[in-house]
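Q: Could you take a close look at one part of this model for me? I'd like to hear about the aromatic rings and what sits around them.

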Amino acid sequence: MRDGAERHHILTVLVENKAGVLARVAGLFSRRGFNIASLAVAPTDDERFSRITIVVDVASAPLEQIVKQLDKLVNVVSISELAPEEATERELLIATVEAGPAERGQIVQLVGIFGAQVVDVGAEAMTVVLAGAPSKVDDFEDLLRSSGIVELQRTGRVALPRLRGRR
Amino acid sequence: MRITGAQALIKSLEMQGVEVVFGLPGGAILPVYDPIIDSPIRHILVRHEQGAGHAAEGYAQVTGRPGVAMVTSGPGATNIVTPLANAYMDSIPLVVVSGQVATGAIGTDAFQECPITGVTMDITKHNWLVTDAEEIPQTIAAAFHVATTGRPGPVLVDVPKDVSNAEMEWYWPGSIEDLDLPGYKPQVEGDPDLVRQAAELVLGACRPVIYAGGGILKARGADALRELAERTGIPVVTTLMARGVLPDSHPLCLGMPGMHGNYTAVTAMQESDLLLAIGSRFDDRVTGKVSAFAPGAKVVHVDIDPAELGKVRVPEVAIAGDARVVMEKLLEVLERAGIGPAGSKPPAGSQAASRPDLSPWIAQLRGYQERFPLAYDRDPGSGALKPQFVVESLRDAAPPGTIVVAGVGQHQMWASQWWHFEEPYTWVNSGGAGTMGYAVPAAIGAKVGRPERTVWAIDGDGCFQMTAQELVTASAERIPVKIAILNNAYLGMVRQWQEMFYEERYSEVYLSPDLPDYVKWAEAMGCVGLKVESPEEVGPAIDKANSIDDRPVVVDFRTDAFEKVYPMVPAGHSNDDIVVGPSAGEGGR
């Protein structure tokens, strides 16, 4: 994991699926000078609502104040903070790596080990996709880096609480 | 019934029981102004949109009903940003309707376009951009619901011109469920377990203080507070936003705490072993240096906004709930423990019977009140007119129930210190935001809301110059407010800080007593203008001002420019460092 991971907090925020809601949520962080490490937003199974998954890198005390302020937003329906050990987290990585004919085998082997997929192949490069736990995605990215990354994009993590202990 | 969005908007305001709107029309809001002609709603045409916002705030502060203001797009909307910020800081229910350029023009830098929902996102409780005329009744109903429930605050509804012009089928939402606010659920009831814990602390405290804030006024909780104080015998400090929530003449009322609070109120909190903070928010102007604030006190904090709990000081008991509801529940729990009506003895064997005796604590506070009363030099050899003397003279000549309105600065502090507030909702000022220029428009709004009351604005010369043009509004609309300018020819509070903390280097604070000529200016605006230069002229001028009830009056009091506000806790210092001032108790410790 990267430095400062112990200060990482995952918030899942259920919001109304309306214009401007993301700006209100993001604004609460920016006006306190906190950087959002990653953010993912998409509608839920109920189209009236979206779920925003935010990973922030702050100490617990200011976070408690942010959570309370988030809860005050009229468009925010509910918030929960997920401890990493109690959450199922996933992130998607898509990367184009340098891969001439000589290096392709090595990349394909890596893809096999991580359970990733090759989605595009060119003469000197290939594009691979991995969905997985963020730490696994980190490891995959590190290994790809030694092959030479042309372009890389990660989605930011999404998360739901683990079922263990829930009824 | 098919009507336009504009007609639906006005009809929605009528459905909300709105009786007055403060505003100023312009291009984008033009369609909405047309049906105002046919509406029973009174529209008061201000001279600047900031005046509309502050007038609506003053109206809300004295009536408890939401204030309503209407402005056009662009600069009209940006001019009301300060009132929105002010209302957000002081939790004033305010509904602002702004015009917007037509939906097709949004984002094109159209004439008088400004993205006001973005600008005001962080200083409103919520705002809405209406994109379909069908949404208007529901949005207006939701706006009033959000502004007035939970922790009250300002909201803004931005209505594009084509939406106002479009036709819709009229309806009115039947219930709160129809407002489509799935994320909005204010907590009103306090947790009973926490209320019981609070009662335990009350029953065990030797040196308790009730730290009463403006939230009690918002919750219409003055009676519950009085009952709580009288039954428990606990003294009460009333913050700047809560002056009048308990009468100043009440034996348990210690007056205002904070940077310019009186010695007893400040020190009672410092030495307390229990603070019952109710509807108050540990503002830095109250706490001074937070780490040194009331160091020996346990804290029970009651606030309807959960985000206030633990924001500044971590309380032993944090109760999210309405101040009045929680105090009433606390009274019930205390009654079961043996604390009955004031004066009654707790039954033998009850928990209250073994409660610590508060009389040494009260005696200690009485000693402070005798040794360190508020004071100023009542007999300066120079014959200078003391601003505190003006406030006392205004107070002593004022009819019962007079509403006092202030701007921000020295005059505000003197008004809060020297007036005797005997009922709730008779004190209107800008507390959290510290908005200079608040007094004149807020006084107009207060007089509109309470026309039977005398309304005196106690203003500073610096403040007056910021919003005085609204006296034209007052004259034209026959709103006979009275304005007392404590004219010391300076931005006085800034001057005081420069004298005390910047080695008397007076940078850009001198205003001149004669420029402008306040009497001529008042007369030009249709008011009666009076000038007072010596203590002997004060009484007659106030009597004359009080006798005029058909137009606004402005009295220019030429006060001592060197007078400072005391007591004072220097910013960032502990409240233990309170300076009572040169003319007060024990040589000004």
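To start with, is B:Trp170 buried or exposed?

A: Keep in mind that this is a predicted model. B:Trp170 is buried: its relative accessible area is 17%, and the cut-off for buried is under 20%.

Now for its partner. Over all chains, the structure holds 14 aromatic pairs. In one of them, B:Trp170 and B:Trp172 count as stacked because their ring centres are 6.0 Å apart and their planes meet at 15°. B:Trp172 comes out as partly exposed, with a relative accessibility of 26%. B:Trp170 also has a charged neighbour: B:Lys11 lies over the face of its ring, 5.3 Å from the ring centre.

For another kind of geometry, try B:Phe282 and B:Phe293, an edge-to-face pair with 6.2 Å from centre to centre and 85° between the planes. B:Phe282 is in the loop between β12 (274-278) and α13 (284-287) of chain B, and B:Phe293 is in the loop between α13 and β13 (298-303) of chain B, so this pair ties together parts that are 11 residues apart in sequence. Both B:Phe282 and B:Phe293 are buried. Bring in B:Tyr211 as well, and you have a cluster: ring pairs link B:Tyr211, B:Phe282 and B:Phe293.

One last stop in chain B is B:Tyr490, whose ring has the charged end of B:Arg495 sitting over it, 5.1 Å from the centre.

Note on methods:
Residues numbered from 1 in each chain as written. Chains lettered and ligands numbered in written order. Predicted model: local features only at pLDDT ≥ 70, side-chain atom pairs only at ≥ 80, totals over all residues. Heavy atoms only, no water. Phe/Tyr/Trp six-rings, centres within 6.5 Å; stacked < 30°, edge-to-face > 60°. Buried < 20%, exposed > 50% of the residue type's maximum accessible area, 1.4 Å probe, protein only. Helix = DSSP H or I, 4+ residues; strand = E, 2+ residues; numbered from the N terminus. Lys NZ or Arg CZ within 6 Å of the ring centre and 35° of its normal.
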